[in-house]
Amino acid sequence: MPKLILPDGKVLTVEPGSRIIDYVPRGKGLVAKVDGRLVDLSSEVPEGASEIKVLDFNSPEGRETYWHTSSHILAQAVKRLFPRAKLGIGPAIEEGFFYEFDMEGRSFTPDDLQRIEDEMRRIIKEDLLIIRKEVSRQEAIELFSKMGEVYKVELLQEMQEPVVSLYQQGEFVDLCRGPHLPSTGYVKHIKVLYSSSSYWKGDERNPVMQRVYGISFPEKEMLDQYLKRREEAKKRDHRVVGPQLDLFSMPSEVIGPGLVIWHPKGARIRRIIEDFLVRVHLKWGYELIYSPHIAYTNLWKISGHLNYYREFMYVFEKDGIEHAVKPMNCPFHILVYKSKKRSYRELPLRFFELGTVYRFERSGVLHGLLRARGFTQDDAHIFTTPEKLEEEISKVIELDEYLMKSFGFDEFKVEISTWDPNHPEEYMGSEEDWHRAQSALEEALKKRGYSYEVMEGEAAFYGPKIDVKLVDSIGREWQLSTIQLDFNLPKRFNVTYVDADGSEKTAVMIHRALLGSIERFFGILLEHYAGNFPLWLAPIQVRVLPVSERHLAKAQEVLNELVRKGVRADLDVESGTLGYRIRESELQKIPLTLIIGDKEVSSGTVSVRQKGKGNLGSMTLEEFLKRYWEEMLPPDQRSEVLS
RNA sequence: GCCCCGGUAGCUCAGCUGGUCAGAGCGCCGCCUUGGUAAGGCGGAGGUCGCGGGUUCGAAUCCCGCCCGGGGCUCCA
């Protein structure tokens, strides 16, 4: 007899041929997995089934089904309001769902979206049964042709399957693989978020579709929380906060899109980050190098980049020779390596550069600091022998972990991109190279205790890679570090070393950028902390604030002492009430404010106010410095660091 | 690049069915206030309404082109 496991872990024995939903109290399950196959809750227990798992919103499949059904409700609502809308596709996405429509040149207004949302609520209230039907492909083509759903017909014509499934809820029928919730009433709290245009099948030669995005949850609180998080993310937007705190600007109308100007305070933070990176890399056995910003395009002809990268490069001609601004640093690092004959004894060699590169990204993908045209990579290339590869990867991961934790990120997600073993001909390098490299990556991660996901077939043609995503303070994921093996460039540039037996061998090359780009990382950091940088990164660590002009001299004295000790401090010389100036200090997100008035002058103390914590009372300047000194230093310069 | 939306003072935005439509708040400057832990009061300066062209007696407002920004552009029956 098949057994059925409810989301709460309860196990029931069930009868084949009976409906799964009959064993599941309403609200306790959304979709079922029969021996690993996802099916509708309203389907029957198949003959020969052994295990049926009922899934709820806590499972990825449960959420996906929930959102997928939500997208059908969205489509039904749009069809009711705009009968001439033609259906495109409507999947669940990572968070939420969308459905796209051909609106005959019309686009949705905010008012339309509200009406759609209201209609969706009505459909949910109607609690329409969702019925699966299987028909022949031909039958389906006829049905959708009759309905004028040309896109559905197109999809059907591209399909191979002789039988397809339809899902019907009330008057609405859609071509869909499913599974779906049992009825529209299973969806509880929905919100239409925004609309945008896109192309049918993502191809700009195809008709324009109008996409409507939405989200839904079983609990009101979940929806509220989601909306609050979106709101919070919007408030943290680095493109708003950055200029607000006077850190940087991007006056694109004057200098062009995708380029950054670093203002004094932003430049300070950047310099602190860069100095920290340089010290740490030197400590970890890297050599610091510099390379030029331009070179003959021929250099990238050798590297092979020019062929498929040319449209992203800034190319210009001088003296009849074509030059390019560098879109990457790799070739230069290789040239450093090749400047002399290398012995296996000196490997691994690690070259590090804060390399500023320019890439002509398509205008539509630019996004503040996160996707710019000019940016600086924390780029390194490691040349090693195959024997030392795994240990070297392990070291890189350890360094990555140290850096991320130093910047306040504790949660990571790791992916390994491997080749597609069915198409080895699409990749550079031998099968042996790939197996050794991929297992080196996996072993290194395992040793460091990381769980990871293997993305088969996702590797570049030139080698497998590790990508590290981190999770920020409001739960968003960011792809940052990348550690890539390269079998291609060492061959193209003939990167070799002399081995112990006197033979010349090709070195293994690792590209790695851990922060990715300083600009992008800075943007993420800014959003992660919502501008409240930790003390060691804060552009102004301490503001000295005299209560009145009488106390200015004393305040100046305190400031001088702080500056002499190397603390980044400034003096508030504004007029206005004390309350106003404290507010100003808070809004500027200055971590520490020292207030100096009559009491402090006479007792020789300072009144300490910490951002977010308020008034901490009075203490001597020495006590204050002792208390915060360590925190003001970069992580590698604190006394608890032993290495 | 393509589609949709947008560009008004340093910032956030109102005005936009053509005619006191050059406005508000914040910020800035000045004066008064010298204040004890997140907004004291009064006054003032500040704008080629993104740029160029067109329609009109008249354009921030309507039309066209360009520049720049925002949201998207298979996670996919």
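This note goes through the enclosed cavities, one pocket and some backbone features of a predicted model.

1. Two cavities of 30 Å³ or more are present in the structure, and the largest of them has a volume of about 100 Å³. Its lining is made up of Leu 245, Leu 247, Lys 265, Gly 531, Phe 533, Ala 538, Pro 539, Ile 540, Gln 588, Lys 589, Ile 590 and Pro 591, a set that divides into eight nonpolar, two polar and two charged residues.

2. The second largest cavity, with a volume of about 60 Å³, is lined by Ile 397, Asp 400, Glu 401, Phe 412, Val 414, Leu 445, Tyr 450, Ile 466 and Val 468. At least two lining residues come from each of α12 (389-406), β22 (412-418) and β24 (465-471), and α12 gives the most, with three residues. Sorted by class, this lining has seven nonpolar and two charged residues, and no polar ones.

3. Turning to open space, the second largest pocket has a volume of about 1,100 Å³. There are 39 residues in its lining, and those closest to the centre of the pocket are Tyr 309, Arg 359, Gln 377, Thr 482 and Gln 484. Two or more lining residues are given by each of α10 (305-309), β21 (374-384), β24, β25 (477-486), α14 (489-492), β28 (508-517) and α15 (518-528). The class composition of the pocket lining is 14 nonpolar, 14 polar and 11 charged residues. A reader tracing β24 will find that this strand supplies residues to the lining of the second largest cavity and also to that of the second largest pocket.

4. Two cis peptide bonds deserve a look in the backbone. One joins Gly 178 and Pro 179, with omega about 0°, and Pro 179 sits in the loop between β11 (172-175) and β12 (189-199). The other runs from Leu 347 to Pro 348, with omega near 0°, and Pro 348 is placed in the loop between α11 (330-337) and β20 (349-358).

5. Positive phi values in residues other than glycine should be checked as well. Asp 35 has phi near 45° and belongs to the loop between β3 (31-34) and β4 (37-40); with a relative accessible area of 43%, Asp 35 is partly exposed. Ala 530, for which phi is near 50°, is found in the loop between α15 and β29 (542-546), and this residue counts as buried because its relative accessibility is 14%, under the 20% limit.

Key. Residues are numbered from 1 along each chain as its sequence is written. Chains are lettered from A and ligands numbered from 1 in the order in which they are written. This is a predicted model: local features need pLDDT of at least 70, side-chain atom pairs count only at pLDDT 80 or more; totals for chains, interfaces and linings use all residues. Side-chain values use heavy atoms; hydrogens and water are left out. On a 1 Å grid over the protein atoms alone, a cavity is a set of points where a 1.4 Å probe fits but cannot get out, and a pocket is an open set with protein on both sides within 12 Å along at least five of seven lines; lining residues have an atom within 4 Å of a point. Grid points are joined across faces, edges and corners, and a volume is the space filled by probe spheres set on the points. Ala, Val, Leu, Ile, Met, Phe, Trp, Tyr, Cys and Pro count as nonpolar, Asp, Glu, Lys and Arg as charged, and the others, Gly among them, as polar. Helices (H or I, at least four residues) and strands (E, at least two) are DSSP runs, numbered from the N terminus. Buried means under 20% relative accessible area, exposed over 50%, partly exposed in between (1.4 Å probe, protein chains only).
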